[in-house]
Amino acid sequence: MTAVDNHTENHPAAHSEASAPARSWKVPGVLGVVTLLALVLFVLRAESGTTTFDLATGTDFVTLPAVGVPTRATGIVLVVLLAIITVYAGVNVFRRVSTPVWLLAVYGVLFVFGFLTWAAAGATIPVPGLLIGAVALSTPLIFGAMGGVISERVGVINIAIEGQLLSGAFVSAVVASVTGSTYVALLAALIAGALTALLLAMFSIKYFVNQVIVGVVLNVLIVGFTSFLYSVVLTKNSETLNSPPRFGRIDIPVLSQIPVIGPVLFQQTLIVYLMYIAVALVWFGLFRSKWGLRLRAVGEHPQAADTVGINVVRTRFWNVCLAGAIAGLGGAYFTLGSVGSFGKEMTAGAGYIALAAVIFGRWDPVRATLAALLFGFASNLQNVLGIIGSPVPSEFMLMLPYVVTIFAVAGLVGHVRAPAAAGKPYVKS
């Protein structure tokens, strides 16, 4: 044993200092920048007046009154609260303690409230409408994120979520138009997503092709193929091949009449309700079932899983297909629950946003769902602020969802660990 080893062994404080986690100013740094931005917007550039938040809909049990808040005064209070949280995060760095996730969530809610108050000065924001739109835009992202969680948990990087969404959207539109049945079209979308994932599984698992490259190629292939068929076939036969019926809204008795929450969560289409079920089943399956235990074992330590009798190749193969099927349901939402017809490249990068939600959610179904809801909220915010005539430039609002994505993944996630075997082909020894 060296003298340095003796010194460290005889001084517990030194040993504790060496084993303590390294200090990272990432979180307080990001919070500090956002707080300064809030100071400029909410205080220095705030307009005098009142911002009104409308909380009522026509079907509520109790009609909640609209809430008006003074724009500048509210901004000052919120900036002070944001500054306190930022300082607390900085103190935690010196203490070598992580800032609680719930506190970061509170910070985000306060900033969003402040931004809405500032951007809608002198106008009224329909809160239920804002949230309903956020859920609608988040639904395909959540389906895609669930597919991403399953695929990456089993050890296959799923860049092809975009292609799975787009194939589900295309096939569901055509099948629904031909058969007149939204239910048959939903099943067809599921199969289309699974077949797209089948290609990913075949090349990456059986032939050991780089998973990222395969995913990107599949996305380009599906975009090109569906765009070609749209231009050559669908546009010339739109009445028979691209006029699908849509799912109607289903009101859940009693629950749909709860103020604010009811219209947002319980006055939705069948696909949204299936999304609720999918999130619950994926979470339960991953963490409370033998299937999930085997899946996670293959994604973390495939050699050990193989040793105890788990067929690694088969487990990866079928679960990647399952992930694609779930993403295909998300694609069906574009044509059967939202737009009503297929459009060229209509997913518009939703698959990549879903993949970001997987990373932001740390490969956890519930966290990934919350991340997707955040991105959906940012997407819908541009529509609402445009309707009320907000002074925020339209160019900024168009890039807002992607800014939120980059900020969330790069700024708040910090160091995360993907499943250990994700992206690594398994060769049985």
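Five nonpolar, two polar and two charged residues make up the lining of the largest cavity. That lining is a good place to start. The model is a predicted one. Its residues are numbered from 1 along the chain.

How is empty space found inside a protein? Rolling a probe the size of a water molecule over the atoms shows where empty space is left. Here, a search of the whole structure turns up one cavity of 30 Å³ or more. The largest cavity holds about 40 Å³ of space.

Which residues line the largest cavity? Val156 is one of them, and Ser204, Ile205 and Gln211 belong to the lining too. So do Val313 and Arg316. Lys424, Pro425 and Tyr426 complete the list. Two helices each supply at least two residues of this lining: α8, residues 182–206, and α15, residues 312–338.

Look next at how those two helices meet. Two packed helices are described by the angle between their axes and the distance between the axes. The axes of α8 and α15 come within 6 Å. They cross at roughly 140°. The two helices are therefore oblique to each other. An angle has to be over 145 degrees to count as roughly antiparallel. The crossing of α8 and α15 is right-handed. The contact of α8 with α15 has 19 nonpolar residues, four polar residues and one charged residue.

Now step off the end of the helix. Tyr207 sits in the loop between α8 and α9, which covers residues 211–234. Is Tyr207 buried or exposed? The answer falls in the middle: its relative accessibility is 47%, so Tyr207 counts as partly exposed. Tyr207 also leads back to the cavity lining. Pro425, one of the lining residues, is 218 residues from Tyr207 along the chain. Yet their C-alpha atoms are separated by 9.0 Å.

Turn from the cavity to a pocket. About 440 Å³ of space lies in the second largest pocket. How many residues line the second largest pocket? There are 22 of them. Nearest its centre lie Leu137, Phe334, Thr347, Ala350 and Ser379. The lining of this pocket has 14 nonpolar and eight polar residues, and no charged ones.

Several helices contribute to this pocket. At least two lining residues each come from α6 (127–153), α15, α16 (350–360), α17 (365–387) and α18 (394–412). Helix α15 also supplies at least two residues of the lining of the largest cavity. Which helix gives the largest share of the pocket lining? That is α17, with five residues.

Stay with α17 for a moment. Gly376 is found in this helix. Its relative accessibility is 0%, so Gly376 counts as buried. Along the chain, Gly376 and Leu131 are 245 residues apart. In space, their C-alpha atoms are separated by 9.3 Å.

Next comes the loop between α15 and α16. Most residues other than glycine have a negative phi, and most peptide bonds are trans. Two residues of this loop have a positive phi. Glu345 lies in the loop, and its phi is near 50°. Ala348 lies there as well, and its phi is also near 50°. Neither residue is a glycine. How does each one stand to its surroundings? Glu345 has a relative accessible area of 45%, so it is partly exposed. Ala348 has a relative accessible area of 53%, so it is exposed. The cut-off matters here, because a residue counts as exposed over 50%.

Finally, visit two helices from an earlier part of the chain. Ala83 has its place in helix α4, residues 71–94. With a relative accessible area of 29%, Ala83 is partly exposed. Ala83 and Val312 are 229 residues apart in sequence. Their C-alpha atoms are 50 Å apart in space. Phe113 is found in helix α5, residues 101–119. At 30% relative accessibility, Phe113 counts as partly exposed. What separates Phe113 from Leu78 in sequence and in space? They are 35 residues apart in sequence, and 8.6 Å apart from C-alpha to C-alpha.

How values were computed: This is a predicted model: local features need pLDDT of at least 70, side-chain atom pairs count only at pLDDT 80 or more; totals for chains, interfaces and linings use all residues. Side-chain values use heavy atoms; hydrogens and water are left out. On a 1 Å grid over the protein atoms alone, a cavity is a set of points where a 1.4 Å probe fits but cannot get out, and a pocket is an open set with protein on both sides within 12 Å along at least five of seven lines; lining residues have an atom within 4 Å of a point. Grid points are joined across faces, edges and corners, and a volume is the space filled by probe spheres set on the points. Helices (H or I, at least four residues) and strands (E, at least two) are DSSP runs, numbered from the N terminus. Ala, Val, Leu, Ile, Met, Phe, Trp, Tyr, Cys and Pro count as nonpolar, Asp, Glu, Lys and Arg as charged, and the others, Gly among them, as polar. Axes are lines fitted to C-alpha atoms, for helices over the stretch in contact, and angles run from 0 to 180 degrees between N-to-C directions. Angles under 35 degrees count as roughly parallel, over 145 as roughly antiparallel, 65 to 115 as roughly perpendicular and the rest as oblique. A crossing is left-handed if the near helix is turned anticlockwise from the far one by less than a right angle, and right-handed if clockwise. Buried means under 20% relative accessible area, exposed over 50%, partly exposed in between (1.4 Å probe, protein chains only).
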